[in-house]
Amino acid sequence: MKQKHKQMININLTKRDMDVMNILWDSDEPKTAALIVKAKPELTMNTVQAVLRKLLKNNLIEVADIVYSGTVLTRSYKSMVTQEEFLLFKMTSEYQSLSKKVSKVSILSALLDTEEDPAQVKQDIEQIEELISKYNK
């Protein structure tokens, strides 16, 4: 696991933190605080700026560039982790806290049971078998 992912262990993101992260993840380009507020108007500029400071401090985002917003120079931000990396990390850290109560096999079985498309289940099982094959080498 990369160092930045290890740091996510103790980060508890609020709904507002996740709102900002989702905006950054959904964007192909870095966003300024003003563009984040524009994307989700129920967020205030003060809230967005506080969230950005927290996310910067926790190395989840970085300053991508200094750009003009009208006639003023401002920072633009981008995520340092993908949404998939973040979600997988959260899931695995949750599992670690429950590992004595729930087995990996039970979780995997439950996840496969949530899929309604039999063809997708078959494809997932084939990928799992490939993964197992790699681990057995």
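**Reading a predicted model, one label at a time**

Student: Why are the side chains of E62 and K78 said to meet in a salt bridge?

Tutor: Their N to O distance is 3.5 Å. The two residues sit in distant parts of the chain, E62 in strand β2 (residues 61–69) and K78 in strand β3 (residues 72–79), 16 residues apart. The label needs a side-chain nitrogen of Lys or Arg within 4 Å of a carboxyl oxygen of Asp or Glu. At 3.5 Å, the pair meets that limit, so the name fits. In general, side chains of opposite charge can pair when their charged atoms come close.

Student: And what should I know about the model itself?

Tutor: It's a predicted model, where local features need pLDDT of at least 70 and side-chain atom pairs count only at pLDDT 80 or more, while totals for chains, interfaces and linings use all residues. Residues are numbered from 1 along each chain as its sequence is written, and side-chain values use heavy atoms, leaving out hydrogens and water.

Student: What makes β2 a strand?

Tutor: Strands are DSSP runs of E with at least two residues, helices are runs of H or I with at least four, and both are numbered from the N terminus. β2 covers residues 61–69, so it passes the minimum for a strand.

Student: Why does E62 count as partly exposed?

Tutor: Buried means under 20% relative accessible area, exposed means over 50%, and partly exposed is in between (1.4 Å probe, protein chains only). E62 has 29%, so it lands in the middle class. Its partner K78 gets that label too, at 38%. Elsewhere, salt bridges that share partners join K15, R16 and D19 into one network.

Student: How do you know that D19 and R16 belong together?

Tutor: Their side chains meet in a salt bridge at 3.3 Å, N to O. They are 3 residues apart in helix α2 (residues 15–26), which means about one helical turn separates them. D19 is buried at 9%, whereas R16 is partly exposed at 33%.

Student: What links D17 and K54?

Tutor: A salt bridge, 2.5 Å from N to O. This pair ties together distant parts of the chain: D17 is in helix α2 and K54 is in helix α4 (residues 45–57), 37 residues apart. D17 has a relative accessible area of 3%, so it is called buried. K54 is partly exposed, at 27%. In total, the structure holds 6 salt bridges.

Student: What makes the phi of N59 worth a look?

Tutor: It is near 60°, a positive value in a residue other than glycine. Most residues other than glycine have a negative phi. N59 lies in the loop between α4 and β2, and at 32% it is partly exposed.

Student: Why is P118 called exposed?

Tutor: Its relative accessible area is 63%, and that is past the cut-off for exposed, so the label holds. P118 is found in helix α7, and its C-alpha atom is 50 Å from that of S69, 49 residues away along the chain.

Student: Which residues make the nonpolar surface patch?

Tutor: L88, M91, L98, V102, I107 and L111, with an area of about 490 Å². Two elements give two or more residues to the patch: α5 (83–98) and α6 (104–113). The largest share, 3 residues, comes from α5.

Student: How do you know that L111 qualifies for a patch?

Tutor: Patch residues have over 30% relative accessible area and no salt bridge, with like charges joined within 9 Å and nonpolar side chains (Val, Leu, Ile, Met, Phe, Trp, Tyr) within 5 Å. L111, in helix α6, has 45%, so it clears the area cut-off. Those areas come from the Shrake-Rupley method with a 1.4 Å probe, counting only the protein chains shown as cover.

Student: How much space lies in the largest pocket?

Tutor: About 930 Å³. It has 18 lining residues, and the closest to its centre are K104, I107, L108, L111 and L131. The elements giving two or more residues to the lining are α5, α6 and α7 (118–136).

How values were computed. 1 Å grid on protein atoms, 1.4 Å probe; cavity = no way out; pocket = protein on both sides within 12 Å on 5 of 7 lines; lining within 4 Å. Points joined across faces, edges and corners; volume = space filled by probe spheres on them.
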